[in-house]
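The following is a walk through one protein chain, going from single positions to helix packing and the core. Keep the sequence and the coordinates open while reading.

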Amino acid sequence: MEIIIQPTPEAASQIAARIIARLLREKPNAVLGLATGSTPLLLYQELIRMKLDWSRVTTFNLDEYVGLPPDHPQSYHHFMHTHLFRHINIPPNQIHIPDGMAKDIPAFCKHYEDQIAAAGGIDLQVLGIGTDGHIGFNEPSSSLASRTRIKTLTDQTRRDNARFFRSLDEVPYHVITMGIGTIMEARQILLLAFGKHKARAIAEAVEGPITAMNPASVLQLHPVVKVCLDEAAASELKRADYYRWVYDHKPAWQRG
Ligand code: PGA
């Protein structure tokens, strides 16, 4: 893992945006895995500002609430169109987001996996992290080999996400999420986390044992992971000074 600690979420998001911009320059038909939530907002703003060419890019989002139609203001379809897709030149048929209204959820999940495979797999997956260590909506105890499927949110995650809804009662209990096995097949992973409330989950994911109790910890087994943090999210890392040292002494050819 490469741990990149920056003074602010803005600075960390700019680094993440530069990594994606470089990928799109090198591979204009790249396949991106995208995330929702508060964390990637600055990244998406920066990507929009960069005016990249998305005409050949394909995207797959991590997850969606079951039972929310695409035009529901809290659906991840709505989120992605509001915060990214309507501002870039990506053709709509190259956008993929799990269908929270699917009648046959297992069949839809299989279809989603097939679509990822047919696109050639995901080149770069953007991830946030839950306060409980979830990635996508793979809550603690998720199989580390899991594929796209329905999951039940924990009470903690429903409460964390209630801020986007009018009340806790409105937060769905179920989601469709890419599995941990699905995420681990991405060729590169970019995990972002900001704020003190993420510090513990990040410290466990980066420096703790690999365990389904912190699903993000499985990323220790992935060969190409960059973790972009602000100081607050990095505040419980025991080896933070070492990660800064490594970043400051990267060979010139590795710098972005
Ligand atoms: P957040 O959520 O970006 O809104 O903090 C992250 C997540 O739950 O994965």
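Is leucine 153 buried or exposed? The model is a predicted one, and in it leucine 153 is buried, because its relative accessible area is 5% and the cut-off for buried is under 20%. Leucine 153 sits in the loop between β7 and α5 (155–161). Its contacts, leaving aside neighbours within four places in sequence, are Tyr65, Phe137, Glu139, Arg158, Pro172, Tyr173 and Val175. Isoleucine 122 is 31 residues from leucine 153 in sequence, and the two C-alpha atoms are 25 Å apart in space.

The residue just before, threonine 152, belongs to strand β7. With a relative accessible area of 47%, threonine 152 is partly exposed, since that class runs between the 20% limit for buried and the 50% limit for exposed. Outside the four places on either side in sequence, threonine 152 is in contact with Glu139, Tyr173 and His174. Glu139 and Tyr173 also appear in the list for leucine 153. From threonine 152 to glutamate 46 the C-alpha to C-alpha distance is 33 Å, with their positions 106 residues apart in sequence.

The loop that precedes strand β7 holds a backbone feature. Serine 141 lies in the loop between β6 (124–127) and β7 (149–152), and its phi is positive, about 90°, although serine 141 is not a glycine. Lysine 51 is another non-glycine residue with a positive phi, here about 50°. Lysine 51 is placed in the loop between α2 and β3. At 73% relative accessibility lysine 51 counts as exposed, because the class begins over 50%.

Helix α2 leads on to the packing of helices. Two packed helices are described by the angle between their axes and the distance between the axes. For helix α2 (residues 41–50) and helix α3 (residues 76–83), the axes come within 10 Å and cross at roughly 40°. That crossing angle makes α2 oblique to α3. On the α2 side the residues in contact are Leu41, Tyr44 and Ile48, and they meet Phe79, Met80 and His83 of α3. Sorted by class, this contact has five nonpolar residues, one polar residue and no charged ones.

Phe79 also takes part in an aromatic cluster, together with Tyr65, Tyr76, Phe137 and Phe165. Tyr65 and Phe137 from this cluster are among the contacts of leucine 153.

How many aromatic pairs are there, counting rings whose centres lie within 6.5 Å? The count comes to eight. In one such pair, the rings of phenylalanine 60 and tyrosine 112 have their centres 5.7 Å apart and their planes at 80°, so the pair is edge-to-face. Phenylalanine 60 is in strand β3 (residues 58–61) and tyrosine 112 in helix α4 (residues 105–118), so the pair ties together parts 52 residues apart in sequence. Both residues count as buried: phenylalanine 60 has 0% relative accessibility, and tyrosine 112 has 1%.

Helix α4 also contains glutamate 113. At 14% relative accessibility, glutamate 113 counts as buried, because the limit is under 20%. Not counting residues up to four places away in sequence, glutamate 113 touches Arg147, Thr148 and Thr182. Valine 57 is 56 residues away from glutamate 113 in sequence, with 18 Å between the two C-alpha atoms.

The last topic is the core. In soluble globular proteins, nonpolar side chains tend to be buried together. Here the largest nonpolar core has 83 residues, and Trp54 and Leu237 have the most contacts inside it. Helix α1 (residues 9–26) gives the largest share of this core, nine residues. Beyond four places in sequence, tryptophan 54 is in contact with Leu24, Leu32, Leu47, Leu84, Ile88, Asn89, Ile90, Pro91 and Gln94.

Helix α1 also holds serine 13. At 2% relative accessibility, serine 13 counts as buried. Apart from neighbours within four places in sequence, its contacts are Leu42, Leu43, Leu192 and Phe194.

Definitions and conventions:
Residues are numbered from 1 along each chain as its sequence is written. This is a predicted model: local features need pLDDT of at least 70, side-chain atom pairs count only at pLDDT 80 or more; totals for chains, interfaces and linings use all residues. Side-chain values use heavy atoms; hydrogens and water are left out. Axes are lines fitted to C-alpha atoms, for helices over the stretch in contact, and angles run from 0 to 180 degrees between N-to-C directions. Helices (H or I, at least four residues) and strands (E, at least two) are DSSP runs, numbered from the N terminus. Angles under 35 degrees count as roughly parallel, over 145 as roughly antiparallel, 65 to 115 as roughly perpendicular and the rest as oblique. Contact means heavy atoms within 4.5 Å. Ala, Val, Leu, Ile, Met, Phe, Trp, Tyr, Cys and Pro count as nonpolar, Asp, Glu, Lys and Arg as charged, and the others, Gly among them, as polar. A nonpolar core is a set of buried Ala, Val, Leu, Ile, Met, Phe, Trp, Tyr and Cys residues joined through side-chain atoms within 4.5 Å. Buried means under 20% relative accessible area, exposed over 50%, partly exposed in between (1.4 Å probe, protein chains only). Rings of Phe, Tyr and Trp (its six-membered ring) pair if their centres lie within 6.5 Å; planes under 30 degrees apart count as stacked, over 60 as edge-to-face and the rest as tilted.
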